[in-house]
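Thanks for coming. I will take one structure today and go through its contacts piece by piece.

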Amino acid sequence: MKGWCHTLAKTYVTKQGDMWDKIAYTELGSEYFMTDLIDANPEHRETVIFPANVELVIPEVTTALTPDTLPPWKRGDTG
């Protein structure tokens, strides 16, 4: 179809015992993206511990620049 664009969303298939924070950490780099992950999968909002083989949408997230108020080891400073 001309003028039609389809992009495939990234997905993740759960393993028995997966939880939102672990999935956010492994797939998005930080457990702080857990809310974004839940918002992208509202039909599973009430799930706390996942069974195996649940397909979740992994949202695209943007990270802000690290604030100067963080301690050096959290900023990634090496010196």
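E27 is partly exposed, with a relative accessible area of 24%. This is a predicted model, so read that value, and every other one I quote, as computed from predicted atoms. The side chain of E27 meets that of K10 in a salt bridge, at 3.5 Å from N to O. K10 is also partly exposed, because its relative accessibility is 46%. E27 sits in helix 1 and K10 in strand 1, so this salt bridge ties together parts that are 17 residues apart in sequence. As background, side chains of opposite charge can pair when their charged atoms come close.

How many salt bridges are there by this rule? The count is 3. Another of them is formed by the side chains of K22 and D18, with 3.3 Å between N and O. Are these two partners buried or exposed? K22 is partly exposed, at 37% relative accessible area. D18 counts as buried, because its relative accessibility is 3% and the cut-off for buried is under 20%. Then there is the salt bridge between the side chains of D39 and R45, at 3.5 Å from N to O. D39 has a relative accessible area of 46% and is partly exposed. R45 is partly exposed as well, with 41%.

Now the overall layout. The chain contains 3 helices and 2 strands. Going along the sequence, they come in the pattern β-α-α-β-α. The chain has 79 residues, and 23% of them count as buried.

Next, the strands. Strand 1, residues 10-13, pairs with strand 2 in the antiparallel sense, and there are 4 bridges between them. Which residue of strand 2 is the bridge partner of Y12? The partner is L56. In a regular strand the side chains alternate between the two faces of the sheet. In strand 2, L56 and I58 are on the covered face, while E55 and V57 are on the uncovered one.

That brings us to the core. The largest nonpolar core has 12 residues in all. Among them are Y12, L56 and I58, which we have just met on the strands. Helix 1, helix 2 and strand 2 each contribute at least two residues to this core. Which element gives the largest share? Helix 1 does, with 4 residues. The other members of the core include F33, L37, I38 and V54. W20 and F50 belong to this core too.

Those two residues deserve a separate word. The aromatic pair count, by this rule, is 1. The pair consists of W20 and F50, arranged edge-to-face, with 4.9 Å from centre to centre and 75 degrees between the planes. W20 lies in helix 1, residues 20-28, and F50 in the loop between helix 2 and strand 2; they are 30 residues apart, and the pair links distant parts of the chain. Both residues are buried. For F50 the value is 1% relative accessibility, which is why it counts as buried although it is a loop residue. There is also a backbone distance to report here: the C-alpha atoms of F50 and M19 are separated by 6.2 Å, and these residues are 31 residues apart along the chain.

M19 leads to the surface. Which residues make the nonpolar surface patch of about 270 Å²? M19, V48 and I49 make it. V48 is located in the loop between helix 2, residues 34-40, and strand 2, residues 55-58. V48 is exposed, because its relative accessible area is 54% and the cut-off for exposed is over 50%.

One more residue from that loop. N53 lies in the loop between helix 2 and strand 2. N53 has a positive phi of about 70 degrees, although it is not a glycine. Is N53 buried or exposed? With a relative accessible area of 65%, N53 is exposed.

To put the loop together: between helix 2 and strand 2 we have F50, which is buried, and V48, which is exposed. N53 in this loop is exposed too. The loop residue F50 pairs with W20, and V48 shares the nonpolar patch with M19 and I49. That is what I have for today.

How values were computed
Residues numbered from 1 in each chain as written. Predicted model: local features only at pLDDT ≥ 70, side-chain atom pairs only at ≥ 80, totals over all residues. Heavy atoms only, no water. Patch = residues over 30% accessible without salt bridge, like charges linked within 9 Å, V, L, I, M, F, W, Y side chains within 5 Å. Areas by Shrake-Rupley, 256 points an atom, 1.4 Å probe, with all protein chains shown as cover. Salt bridge = Lys/Arg side-chain N within 4 Å of Asp/Glu carboxyl O. Buried < 20%, exposed > 50% of the residue type's maximum accessible area, 1.4 Å probe, protein only. Phe/Tyr/Trp six-rings, centres within 6.5 Å; stacked < 30°, edge-to-face > 60°. Pairing = 2+ DSSP bridges. Core = buried A, V, L, I, M, F, W, Y, C linked by side-chain atoms within 4.5 Å.
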